[in-house]
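Here are some notes for a colleague who is coming to this structure for the first time. They are set out as numbered points and may be read alongside the sequence and the model.

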Amino acid sequence: MNIKRWVARREQDWQRLNQLLGKVEQKRLKNLTSSEIRELASLYRSVAADLARARTQEVGKTLTQSLQTLTTRGYTQIYQGSRKQEWQAVKEFYSWGFPTVVQKTFIYTTVATALFLFSGLIAWWYAWQDPTFMSLIVPERLISQVRDRGELWMGSIVGIEPLASSNIMINNISVSFGAVAGGITGGIYTTYLMILNGLLIGAVATLVGQNNLAYPFWAFVFPHGALELPAIFLAGGAGLLIAKGILFPGKYRRIDAIKIHSSLAAQLVFGIVPLLVIAGIIEGFISPNPAIPDPIKYLIGISLLIGLVMYFNRQQSTVN
């Protein structure tokens, strides 16, 4: 290989890559035009090949080091730079995007919440009036443990916190994803999950209330429930969003309505996963911990709920 001719032929591309990298390093990748981004990627691959050739042909230490530096800069901006932008996008979504989507889809979350609460009130009413109703919803072993032994079941978590926490996370995420996926049934399965969980919490609330265990029970529920229940309501709202696109496309073509509503639902899902993970950690390590006084658990739950409401209102107050 004639090294001088090769250098003369390739030097223009090296200078152009150096020019583009200088622009990226000063103004970031997103300030390049689409054609410049394609050119940058193409030049990076070419210069990486030139570096490999320079090493095998022993063209000189100075030139090899220059190509190595140029290639390293290209790699940093193209790959690590794009990862930084991805993390920046994630940060911006959780800072502003998620609250905005919550506000935009508030009516669907409200409907899911109403289904849950109304079902809970029905279960609470019937369980007080008819003791046999409770046995249709609550497992018999829990009824026996509370009524016969006067004990709550949360103590079984103590001592196996990591395992319990991971299992709780998986269960909560499964329920939430089921509520979202239920949208493809026209919202029937989503509605079923909201009602079923509402009936269960209503019946359990009656059970512990009848046996003077309401205070420690809600002390257990409040810390993680402040995040877990809103996340499940949001998942229910996401499922109803998908159902809306399927059943009532409105002014859009049905396929377009499904895409629009599914996009909003996907953003809700992306947003609630951290809530469910944090709730699972709290439910595994804090909620059942006998060393933490019940008043502190109530305080934790109330503080988390207030913080969550303020967070969901964040974008709205900024825009206004």
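1. A definition comes first, since a later point relies on it: a charge sits over a ring if NZ of Lys or CZ of Arg is within 6 Å of the ring centre and within 35 degrees of the ring normal. Please also keep in mind throughout that this is a predicted model.

2. With that definition in hand, the case to look at is R314, which lies over the face of W96 at a distance of 4.0 Å from the ring centre. The same arginine can be used to follow how the chain comes back on itself, for the C-alpha atoms of R314 and T100 are separated by 8.1 Å while the two residues stand 214 residues apart along the chain. T100 is found in helix α3, which covers residues 61-104, and T100 is partly exposed, with a relative accessible area of 26%.

3. On the overall architecture, the secondary structure of the protein comes to twelve helices and zero strands, and the elements accordingly run α-α-α-α-α-α-α-α-α-α-α-α from the N terminus on. The radius of gyration of the protein is 29 Å, whereas a compact globule of 320 residues would have a value near 20 Å. Taken along the principal axes, the C-alpha atoms fill a box of roughly 95 × 55 × 35 Å, and 40% of the 320 residues count as buried.

4. How many salt bridges does the structure hold? There are seven salt bridges, and one of them joins the side chains of R10 and D50, with 2.8 Å from N to O. Because R10 lies in helix α1 (residues 3-27) and D50 in helix α2 (residues 34-57), this pair ties together parts that are 40 residues apart in sequence. Both R10 and D50 are buried, and these two residues are linked with D13 in a network of salt bridges.

5. A second salt bridge is formed where the side chains of E36 and K23 meet, at 3.1 Å from N to O. Since E36 lies in helix α2 and K23 in helix α1, the pair ties together parts that are 13 residues apart in sequence. The two partners may be told apart by their accessibility, as E36 counts as buried at 14%, while K23 counts as partly exposed at 31%.

6. Another salt bridge joins E25 with R73, the closest N and O atoms being 2.9 Å apart. This pair links distant parts of the chain, with E25 in helix α1 and R73 in helix α3, 48 residues apart. E25 is partly exposed, with a relative accessible area of 41%, and R73 likewise counts as partly exposed, at 21% relative accessibility.

7. Turning to the aromatic rings, the count comes to 14 aromatic pairs. One of them is formed by Y126 and F133, whose rings are 5.7 Å apart centre to centre with 35 degrees between the planes, so that the pair is tilted, given that stacked pairs have planes under 30 degrees apart and edge-to-face pairs over 60. Y126 is partly exposed, with a relative accessible area of 44%, whereas F133 counts as buried at 18%.

8. The rings of Y311 and F312 form a further pair, and because their planes stand at 40 degrees, with the centres 5.6 Å apart, this pair is tilted. F312 counts as buried, at 13% relative accessibility. Which residues form one aromatic cluster with Y311 and F312? The other members are F93, Y94, F98 and F270.

9. Y126 deserves a second look, since its place is in helix α4, which spans residues 106-129. Y126 also belongs to a nonpolar patch on the surface, formed together with F118, I122, W124, W125 and W128, and the patch has about 680 Å² of accessible area in all.

10. A last point concerns the backbone at N212, which has a positive phi of about 60 degrees although it is not a glycine. Is N212 buried or exposed? N212 is exposed, with a relative accessible area of 71%, and its place is in the loop between α8 (188-210) and α9 (214-247).

Key. Residues numbered from 1 in each chain as written. Predicted model: local features only at pLDDT ≥ 70, side-chain atom pairs only at ≥ 80, totals over all residues. Heavy atoms only, no water. Phe/Tyr/Trp six-rings, centres within 6.5 Å; stacked < 30°, edge-to-face > 60°. Buried < 20%, exposed > 50% of the residue type's maximum accessible area, 1.4 Å probe, protein only. Patch = residues over 30% accessible without salt bridge, like charges linked within 9 Å, V, L, I, M, F, W, Y side chains within 5 Å. Areas by Shrake-Rupley, 256 points an atom, 1.4 Å probe, with all protein chains shown as cover. Salt bridge = Lys/Arg side-chain N within 4 Å of Asp/Glu carboxyl O. Helix = DSSP H or I, 4+ residues; strand = E, 2+ residues; numbered from the N terminus. Rg over C-alpha atoms; globule rule 2.2 N^0.38 Å.
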